[in-house]
Amino acid sequence: MSKPLRLLLQWLSFFVIFSQFFYASQADLGTATQYSPPYTPSACFGSDSTQFPSSNFFAAAGEGIWDDGAACGRQYLVSCISSISPRACKSGETIQIKIVDRAQTVASKPTRQGTTIVLSNAALAAIADSNAPSLNIDFRQYQYYKD
């Protein structure tokens with residue numbers, strides 16, 4: 001093996017190993033709060049009760065992700081990063097939620113306005129103390145494919 005080729009392979013190996021220490025996250029940071037029943041009618045699916053997943057992990061989209069209604073039906077993986085309430089986050093918990101409404105038009109007002117995502121009571125309780133007024137969250141769109 002020639003010296004230039006060996007040197008190139010060494011640098012390439014070093015780069016591959018070093019790059020494993022850093023990776024680009026596909027997640028976004030945002031804020032979340034919660035809202036209570038009634039959850040219908042919703043901006044996405046009206047009064048159709050089949051819109052809600054059996055887990056009751058659903059949410060209303062804030063204006064930042066509403067996307068003129070294209071957010072309806074999207075699913076996100078959400079985890080709590082921090083809260084103004086000490087130890088409110090449930091460490092290591094990540095849930096999958098479905099967008100079923102628009103935060104600006106929900107029937108029941110959220111506990112705080114202007115957040116990225118407004119979670120159902122069940123969804124928020126799964127990742128944090130349900131008494132937390134708002135959360136800082138990590139969220140990423142979940143792509144699922146049907147066969």
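**Entry 1: Arg102 and its partner**

I began with Arg102, which is partly exposed at a relative accessible area of 22%. I note at the outset that the model is a predicted one. I then looked up the charged partner of Arg102 and found its side chain in a salt bridge with that of Glu63, at 2.8 Å from N to O. This pair links distant parts of the chain: Arg102 belongs to strand β4 (residues 94-102), Glu63 to helix α2 (residues 63-66), and 39 residues separate them. For Glu63 I recorded a relative accessible area of 38%, so this residue is also classed as partly exposed.

**Entry 2: the other salt bridges**

I asked how many salt bridges the structure holds. The count is three. Besides the pair above, I located one between the side chains of Asp67 and Arg74, at 2.9 Å from N to O. Asp67 has a relative accessibility of 44% and is therefore partly exposed. I found another between Asp138 and Arg140, with an N to O distance of 3.3 Å. Here the acid is buried, because the 18% relative accessibility of Asp138 lies under the 20% limit. Arg140, at 32% relative accessible area, is partly exposed.

**Entry 3: surroundings of Gln75**

Arg140 led me to Gln75, since the two residues are in contact. I placed Gln75 in strand β3, which covers residues 75-83. Is Gln75 buried or exposed? I read a relative accessible area of 14% for Gln75, so the residue is buried. With neighbours within four places in sequence left aside, I listed the contacts of Gln75 as Gln96, Ile97, Lys98, Arg140, Gln141, Tyr142 and Tyr144.

**Entry 4: pairing around β5**

I next examined which strands pair with β5. Strand β1 (residues 28-35) runs parallel to strand β5 (residues 117-120), and the two share four bridges. Strand β2 (residues 58-61) pairs with β5 in the antiparallel sense, over three bridges. I checked the register at Ile117 of β5: in β1, the residue opposite Ile117 is Ala32. Ala61 likewise has Ile117 as its bridge partner in β5.

**Entry 5: cis peptide bonds**

I turned to the backbone torsions, bearing in mind that most peptide bonds are trans. I found a cis peptide bond between Pro37 and Pro38, with omega at about 5 degrees. Pro38 sits in the loop between β1 and β2. The bond from Thr40 to Pro41 is also cis, and its omega is near 0 degrees. Pro41 is placed in the loop between β1 and β2 as well.

**Entry 6: positive phi values**

I also looked for unusual phi values, given that most residues other than glycine have a negative phi. Asp67, already noted for its salt bridge with Arg74, has a positive phi of about 55 degrees. I placed Asp67 in the loop between α2 and β3. Asp68 lies in the loop between α2 and β3 too, and its phi is positive, near 50 degrees. What is the exposure class of Asp68? I recorded 79% relative accessibility for Asp68, so the residue counts as exposed.

**Entry 7: disulfides**

I recorded that a disulfide is a covalent bond between the sulfur atoms of two cysteines. I counted two disulfides. Cys44 and Cys72 form one of them, with their sulfur atoms 2.1 Å apart. This disulfide links distant parts of the chain: Cys44 lies in the loop between β1 and β2, Cys72 in the loop between α2 and β3, 28 residues apart. Why is this disulfide called left-handed? The torsion about the S-S bond of Cys44 and Cys72 is about -80 degrees, so the disulfide is left-handed. I noted Cys44 as buried at 18% relative accessible area, and Cys72 as partly exposed at 25%.

Cys80 and Cys89 also form a disulfide, with a sulfur separation of 1.9 Å. I read -45 degrees about this S-S bond, and the link of Cys80 and Cys89 is left-handed. Cys80 is buried at 12% relative accessibility, while Cys89 is partly exposed at 24%. I closed the entry with the connectivity: with the bonded cysteines numbered in sequence order, the pairing is 1-2, 3-4.

Note on methods:
Residues numbered from 1 in each chain as written. Predicted model: local features only at pLDDT ≥ 70, side-chain atom pairs only at ≥ 80, totals over all residues. Heavy atoms only, no water. Buried < 20%, exposed > 50% of the residue type's maximum accessible area, 1.4 Å probe, protein only. Contact = heavy atoms within 4.5 Å. Salt bridge = Lys/Arg side-chain N within 4 Å of Asp/Glu carboxyl O. Pairing = 2+ DSSP bridges. Disulfide = S-S within 2.5 Å.
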